[in-house]
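Here is a short report on one protein chain. Please look over the sequence and the structure first, then read on.

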Amino acid sequence: FNFPFLKYSTDICKEAVLRFALSQANSKREASLILGIKKVDLLKYLKTYNLEKEFEYDSRTKKNN
């Protein structure tokens, strides 16, 4: 992908794009690559949209499946 989707999305779409990336990725690094952003920026967005705990949950469930 490597296109900076988050930079060009409206605020209303950012959370949905983040959730998609998190659902497809196995790590924060992989999610940042899908979105075409730096890992530091991903962490900022996770905090902004309060998705940190959700990502932790998704990571645990993926390992068990």
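## Phe5 and the first helix

Phe5 lies in helix α1, which spans residues 5-8. The model is predicted. Phe5 has a relative accessibility of 35%. That value lies between the limits of 20% and 50%, so Phe5 counts as partly exposed.

Which residues does Phe5 touch, not counting those up to four places away in sequence? They are Val17, Ile34 and Leu35. Phe5 and Ile34 are 29 residues apart in sequence. In space, their C-alpha atoms are 9.0 Å apart.

## Overall fold

The protein chain has five helices and zero strands. Along the sequence the pattern reads α-α-α-α-α. The chain has 65 residues, and 29% of them count as buried.

Take the contacts in the chain with a separation of 6 or more. Residues 24 or more positions apart account for 58% of these contacts. The accessible surface comes to about 4,800 Å². Carbon and sulfur atoms hold 53% of that surface.

## The nonpolar core

How many residues make up the largest nonpolar core? The count is 14. Those with the most contacts inside this core are Leu6, Leu18, Leu22, Ala31, Leu35, Ile37 and Leu42. Three helices give two or more residues each to the core: α2, α3 and α4.

Two of the residues named here appear elsewhere in this report. Leu35 is touched by Phe5. Leu42 is touched by Ser32.

## Helix α3 and Ser32

Helix α3 covers residues 28-35. Its buried residues are Ala31, Ser32, Ile34 and Leu35. Seen down the axis of α3, these buried residues fall within an arc of 155°, so they line one face of the helix. Just after α3 comes Gly36, with a positive phi of about 75°.

Is Ser32 buried or exposed? Ser32 has a relative accessibility of 4%. The limit for buried is under 20%, so Ser32 counts as buried. A polar atom of the Ser32 side chain lies 2.7 Å from the backbone oxygen of Arg29. Ser32 also touches Ile37, Lys38, Lys39 and Leu42, not counting residues up to four places away in sequence.

## Helix α2 and the salt bridge

How many salt bridges are there? The count comes to one. The side chains of Arg19 and Glu15 form this pair, with 2.8 Å from N to O. This is within the 4 Å cut-off, so the pair counts as a salt bridge. The two side chains are also joined by a polar contact of 2.8 Å.

Both residues sit in helix α2, residues 11-24. They are four residues apart, which means a separation of about one helical turn. An α-helix has 3.6 residues a turn, so residues three or four places apart point the same way. Arg19 is partly exposed, with a relative accessible area of 33%. Glu15 is partly exposed too, at 27%.

Arg19 has further partners. Not counting residues up to four places away in sequence, Arg19 touches Leu51 and Glu54. Arg19 and Glu54 are 35 residues apart along the chain. Their C-alpha atoms are separated by 9.0 Å.

## Helix α4 and what follows

Helix α4 covers residues 39-48. Its buried residues are Leu42, Tyr45 and Leu46. Viewed down the axis of α4, these buried residues fall within an arc of 105°, so they line one face of the helix. On the other side of α4, Val40, Lys47 and Thr48 are exposed.

Where does Asn50 lie? Asn50 is in the loop between α4 and α5, the latter being residues 52-64. Phi of Asn50 is positive, near 55°, in a residue other than glycine. Most residues other than glycine have a negative phi. Asn50 is exposed, with a relative accessible area of 61%.

How values were computed. Residues are numbered from 1 along each chain as its sequence is written. This is a predicted model: local features need pLDDT of at least 70, side-chain atom pairs count only at pLDDT 80 or more; totals for chains, interfaces and linings use all residues. Side-chain values use heavy atoms; hydrogens and water are left out. Buried means under 20% relative accessible area, exposed over 50%, partly exposed in between (1.4 Å probe, protein chains only). The arc is that of the directions from the helix axis to the C-beta atoms. A nonpolar core is a set of buried Ala, Val, Leu, Ile, Met, Phe, Trp, Tyr and Cys residues joined through side-chain atoms within 4.5 Å. Contact means heavy atoms within 4.5 Å. A polar contact is a pair of N or O atoms within 3.5 Å; within protein, one must be able to donate a hydrogen and the other to accept it, and residues adjacent in sequence count only if both atoms are side-chain atoms. Accessible areas come from the Shrake-Rupley method with a 1.4 Å probe; for residues, only the protein chains shown count as cover.
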